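I opened my notebook to look through a structure piece by piece. Here is what I had in front of me.

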Amino acid sequence: MVLEPERYELAAGPAYRFEVDRREFVKLLGGGLVVLVARAAPAQESGTRGGAAGSPPREIGAWLHVAADGTVTVYTGKVEFGQDIRTSLTQAVADELRAPLGTIRLVMGDTDLTPFDQGTFGSRTTPFMAAQLRQAAAEAREALLDLAAARWSVDRAALDAREGEIVHAAGGRALGFGQLTQGQALVRTVAADPSPTPAARWTVAGRSIPKVGAREIVTGRHRYTSDLTRPGLWHGKVLRPPAIGATLSALDTGGVDAKRVSVVHDGDFVGVSAPTEAEAALAVGALKAQWKTSPQPSDAQIFEYLRNAPLEAREGDGRGAGAAASGSAERARAAAPIRLEQSYTVAYIAHAPLEPRAALAEWQDGRLTVWTGTQRPFGVRAELAEAFRLPEEKVRVIVPDTGAGYGGKHTGEAAIEAARLARAAGHPVKLVWTREEEFAWAYFRPAGVIDVKSGARADGTLTSWEFHNYNSGAAGIRTPYDVPNQTVQFHPARSPLRQGSYRALAATANHFARETHMDEIARAAGVDPLETRRRNLKDVRVRAVLDAAAERFGWTRARTPGHGHGLAAGTEKGSYLATCAEVQVEPGGAVRVRRLVTAFECGAVVNPEHLRNQIEGAMVQGLGGALFEAVRFADGLVTTDRFSRYRVPRFSDVPELDVVLVDRKDLPSAGAGETPLVCVAPAIGNAIFDATGIRLRALPLVPSGLPRPEPAL
Amino acid sequence: MARLELQVNGVSRSVDVDGERSLLSVLRDDLDLTGSKYGCGEGQCGACTVLVDGRPTRSCVTKAASVGGRSIATIEGLEQGGRLHPIQTAFAEADAMQCGYCTPGMIMEAVALLRRKPDPGPPDIAHALEGHICRCGTYDRIVRAVRRAAVTTKGGAG
């Protein structure tokens, strides 16, 4: 079983260093002006390749091309699957280059055309890729100014770049970027400089620009992977085992018309392809397979299981991440007047992106091209190269803008399956996972158990903090509160289900445990939960969002009868947030979330409307995991394998959403697509306690309403 | 296999299909109208929604053979002579999407709603769209977009 606790933390470096032949670029792109961004491979990204004597390794992070017709094409290995980075990166380039938005086109996630990129995850696009593209664009602008100065024999200082032109105001003349690059074959390289342009100097960024590509989406013209076709296309289907861990013992293909259908039986992999999807489905249904199954844990025992299934230590398992040890948590706790000890659990949940995993694979002259919706095009290229024993340069992965991922599309299952079927069929093959396959055979957000022990003075000031997370991960495990005596540790476990990244990773689980526990300390001390947090917080950025959320929410306001108020705060991936929740508990025990207020600070805001969209969306996604989402499984089989069995938030679940943006133009922009999710669950749980006195310590909180309160004795 | 005449976006299309095929698969694979999406195959997510004689219909659970001769409208037929339908414009302007995969189904359902009820309030809109999933969670924005479209077309009361 593959354990992927925090993929981005244990990611190895790229398989090779990109050696750029400058002439190749000009040939490839057809003249004009090319700017390459060379970045030092950062230590955490370079893996085992670093450490050689001399200068740090450099690799190309992005490139940009200004063509003779004025078109600006930007090449980045990042991919778009709903975070709106196609828009925000276009804004960054427009800003620096002084080019109209409409002249800029992004080529994303194509391993033949774009530079190596680890993948689109970890909220890294805005802090890292946007900064690199800004530099490429700034260098292009300088090169265009040089060209114009030379052409007109004037001082560069007399020239201005604006709206896609270099303007010589004194001479009353102007030339378009395209005209200036006509007949040129210029290549410039710029070293990535970690200091981004201050937001105070932005002109296009910092504003709400509508989504680039929205017209293609509202007309249905945009082609996701699952919409693609190729001449001679066949359709694939894979035979899934009856349970996790099952092995194939016999296969009878007698029911399949071998003249119409291609069958692949390779180890435990069985799949078919046929000219139509209907024929493929029919054929896979006609296969008679015998499987050998082995006993598997069920969801009923999962937390006991995880606590007692430690993973053998190995490099890159993430167990050291976030660990803290200071003072003596045990001694301080023994002396504390308030002592609490509680356990919290989170269930496995499914990403359930609306576009399931899909791939279209085509072999031609020993080269393999795969279109697929993945967050790691280069990672999937490596998976394909390994699976088919090909050098990576014989494999091309192209990622069309994708129907969402949320951390769930890091791997290349569908790509490998489609490629295997295509090789056997001698046709391009498209494979689109069914919803049932997506629910049962993708990977999940890890389940986990978190044990917290704390000690506090009578006024709620923390003196001791001990925090152990089993299996869910290390992201967001550190407390932002000031506690002199701390032990914090992540314990990787053997997960019976395949698990991996999920939007915000374990920060959701860790914030749930910590912020619920903070509420319990506040109640034990008899101090208001907001005040308890403030007493323990020095971090001014957390304090600022906490105060902003409380103010907008009206924290001190009287409660409506039957309603409860809760709050939670935190920080993760360079962003800071606080969420307040108002819930209503109906007499039958049904919980309705009426209002969520999130104050969010991620440095300088790049696109306020799209940031709001991300925060709102994360709150809604967080609501599902908070209230009712859970993967159920028994005997090695996922039973929540369709939307009628796995409930996700719908229109009627959405409360009033209020977003307070704290725009810090003096601070670099952090990524923001993930973090706004992490305080939703504890805020709601704390609000339920406020309304009912019932403390819920398991996610999901109320999959089937509130438990009946125990009768008073 | 049987020959089937389908009226799609005002055009008569002739396809050879066996009786069990879904309308969604015929639209996507035979007619290359891929704007209607597969999301679940059980009529739970709404991504495959098209209009059959004006009624929103889950094409993934509708047999193609059952809609022969009836008028089918898909997302591809909404734009007229390069002009977007007001609901399409409203979705784009309100940023009522993230990944966009649910958008065509949402728009088709909203088209039917505004024909039926030209001036729906936000609760009417949410109720009509309850059978659609937006996993990115842009529900509020979708309600606002439909409301905006109602206002900009004649039906809206402001």
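My entries follow, one topic at a time.

**Entry 1: the model.** I noted at the start that this is a predicted model.

**Entry 2: where the chains meet.** I looked up the contact between the two chains. I found 44 residues of chain B in contact with 47 residues of chain A. On chain B, the helices α1 (23–30), α2, α3 and α5 each supply at least two residues to the side that touches chain A. I asked which of them gives the most to that side. The helix is α2(B), with four residues. I then sorted this side of chain B by class: 19 residues are nonpolar, 12 are polar and 13 are charged.

**Entry 3: helix α5 of chain B.** I checked the length of this helix, residues 139–152. It has 14 residues, and at 1.5 Å a residue they should span 20 Å. The end C-alpha atoms are 20 Å apart, so the expected span agrees. Next I asked how many of its residues are buried. The count is 10 of 14, and α5(B) is mostly covered. Among the buried ones are B:Tyr139, B:Ile142, B:Val146 and B:Ala150. Charged names appear in the list too, including B:Asp140, B:Arg141 and B:Arg147. What do the buried residues pack against? In chain A, their partners are α17 (608–627) and β28 (656–661). In chain B, they are α2 (86–93), α3 (103–116) and α4 (122–128).

**Entry 4: helix α4 of chain A.** I repeated the length check on residues 85–97. The 13 residues should span 18 Å at 1.5 Å each, and the end C-alpha atoms are 18 Å apart, which agrees. For burial, I counted 13 of 13 residues as buried. Just after the helix, A:Arg98 takes a positive phi of about 60°.

**Entry 5: two helices side by side.** I wanted to know how α4(A) sits against α5(A). Two packed helices are described by the angle between their axes and the distance between the axes. Here the angle is about 30°, and the axes are 8 Å apart. The crossing of α4(A) past α5(A) is right-handed. From α4(A), the contact includes A:Ile85, A:Leu89, A:Val93 and A:Glu96. From α5(A), it includes A:Met129, A:Leu133, A:Ala137 and A:Arg141. I sorted the residues of this contact into 11 nonpolar, three polar and three charged.

**Entry 6: the core.** In soluble globular proteins, nonpolar side chains tend to be buried together. I found that the largest nonpolar core has 263 residues. Those with the most contacts inside it are A:Val370, A:Ala418, A:Val545, A:Ala549 and A:Ile684. Helix α5 (residues 125–152) of chain A brings the largest share, 13 residues. I followed A:Val545 further, leaving aside its neighbours within four places in sequence. Its contacts include A:Ala569, A:Leu577, A:Phe600 and A:Val662.

**Entry 7: backbone oddments.** I noted a cis peptide bond from A:Leu699 to A:Pro700, with omega near 0°. A:Pro700 is in the segment after β29 (698–699) of chain A. I also looked at two asparagines with positive phi. A:Asn471 has phi near 85° and lies in the loop between β21 (462–470) and β22 (485–491) of chain A. B:Asn9 has phi of about 50° and lies in the loop between β1 (2–8) and β2 (11–17) of chain B. Is each one buried or partly exposed? A:Asn471 is buried, because 30 other C-beta atoms lie within 10 Å. B:Asn9 has 17 such neighbours inside 10 Å, so it counts as partly exposed.

Key. Residues numbered from 1 in each chain as written. Chains lettered and ligands numbered in written order. Predicted model: local features only at pLDDT ≥ 70, side-chain atom pairs only at ≥ 80, totals over all residues. Expected span 1.5 Å × (residues − 1). Buried ≥ 20, exposed ≤ 12 C-beta atoms within 10 Å, placed from the backbone. Contact = placed C-beta atoms within 7 Å. Core = buried A, V, L, I, M, F, W, Y, C linked by C-beta atoms within 7 Å. Axes fitted to C-alpha atoms, helices over the stretch in contact; angles between N-to-C directions. Left-handed = near helix turned anticlockwise from the far one by under 90°.
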